[in-house]
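Dear colleague,

I am passing on the structure that we talked about, and my notes on it follow below. Please read them with the structure open beside you.

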Amino acid sequence: MQMTGLNSSSKNDLEEFRTYILVERNFSKHTARAYCSDIMDYLLWLGDTGCEDVNFSKVREYLHFIQKFQYRKNTIARKIASLRTFYKFLYREKKVNSNPAMNLTTPKRSKQLPKFLTPYEVEQILNNTKIETPAGYRNRAILELLWASGMRISELSGLNFEDLNLENNEIRVFGKGSKERIILVTDRAKSYLERYIKMARPLVAKGYRVDENEDSPVFINNTGFRLQPRTIRNVINEIVEKIELPKHVTPHVFRHSFATHLIENGADLRVVQELLGHASISNTQIYTHISTRHLKDVYNETHPRA
């Protein structure tokens, strides 16, 4: 992490905070990176002022300062959460006498309905994934799995052979906060995955040693190392551009599509929550809004008096 401009005390606090949220709080690497970036900006703004000399008014002054950057409400909410967590950590470590960020009010987050694909659009993407090469077949297996399971891209990238129980159409994944759960896969996705492992995977990294131990990654790149999420995003982008699909499609859109179609077809909300690995049912309920909107669209299009 680049910390140029911070004094030695601030650098030390930031590094210890980073360890705290990664190791003790089990934050994802993505969230930890965002929180540490927020705190580094705050410490740079403080300059020579020590964290122990900050009161509530000073923190409010900082929030007033960042208003000029016109951040979205969600970003402001995260920055406030970062400050609260940072000062909670400093207070626990007895580096400050109180938490000046404790009583900050968080702006109401704007609720945006997640984008999703229709089954036809998903099939368009899948059918335009070239499978003539080992890497191409790997990509098809990945997209089939994303569509069938709703797993996060980081969960898919992190899969090892010990996580697979394909005889029962089950896969173990580790989600946010390293929480373990079991996801289910369709027979079709299972078939693509099994053929990838048996035929394509040994050829993806031709000329490199490819292990198949319990702790070996399921999805690998052309040098035999674990396939990274960025590569998967690039694969999707190339296909979407090729078929000129008028939507911005990310791996997470596959996850949203999975959840939306389950609920539209009558799946219980608690079941979908479990499959997605949501800590709170409120995170899953947003898909009911999408489903209701879809019902209204169908009603308006098909009812003769609508």
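Tyrosine 42 and tryptophan 45 both belong to helix α2 (residues 29-46), where they are three residues apart, about one turn of the helix; helices here are DSSP runs of H or I of at least four residues, strands are runs of E of at least two, and both are numbered from the N terminus. Tyrosine 42 is buried, with a relative accessible area of 0%, whereas tryptophan 45, at 21%, counts as partly exposed (buried means under 20% relative accessible area, exposed over 50%, and partly exposed in between, with a 1.4 Å probe and protein chains only).

Please keep in mind that this is a predicted model, in which local features need pLDDT of at least 70 and side-chain atom pairs count only at pLDDT 80 or more, while totals for chains, interfaces and linings use all residues. Residues are numbered from 1 along each chain as its sequence is written, and side-chain values use heavy atoms, with hydrogens and water left out.

Rings of Phe, Tyr and Trp (its six-membered ring) are taken as a pair if their centres lie within 6.5 Å, and planes under 30 degrees apart count as stacked, over 60 as edge-to-face and the rest as tilted. By this rule there are 16 aromatic pairs. The rings of tyrosine 42 and tryptophan 45 have centres 6.4 Å apart and planes at 25°, so this pair is stacked. Tyrosine 42 and tryptophan 45 are also among the members of one aromatic cluster, which includes Phe65, Phe69 and Tyr71 as well.

The ring of tyrosine 71 has the charged end of lysine 79 over it, 4.8 Å from the ring centre, and the charged end of arginine 195 likewise sits over the ring of tyrosine 192, 5.0 Å from its centre (the criterion is NZ of Lys or CZ of Arg within 6 Å of the ring centre and within 35 degrees of the ring normal).

Lysine 190, which lies in helix α8 (residues 187-204), may interest you too. This lysine 190 is buried yet has no salt bridge, and the nearest side chain of opposite charge, glutamate 194, is 4.5 Å away; a salt bridge is a side-chain nitrogen of Lys or Arg within 4 Å of a carboxyl oxygen of Asp or Glu, and Lys and Arg count as positive and Asp and Glu as negative, with His and the chain ends not counted.

Best wishes
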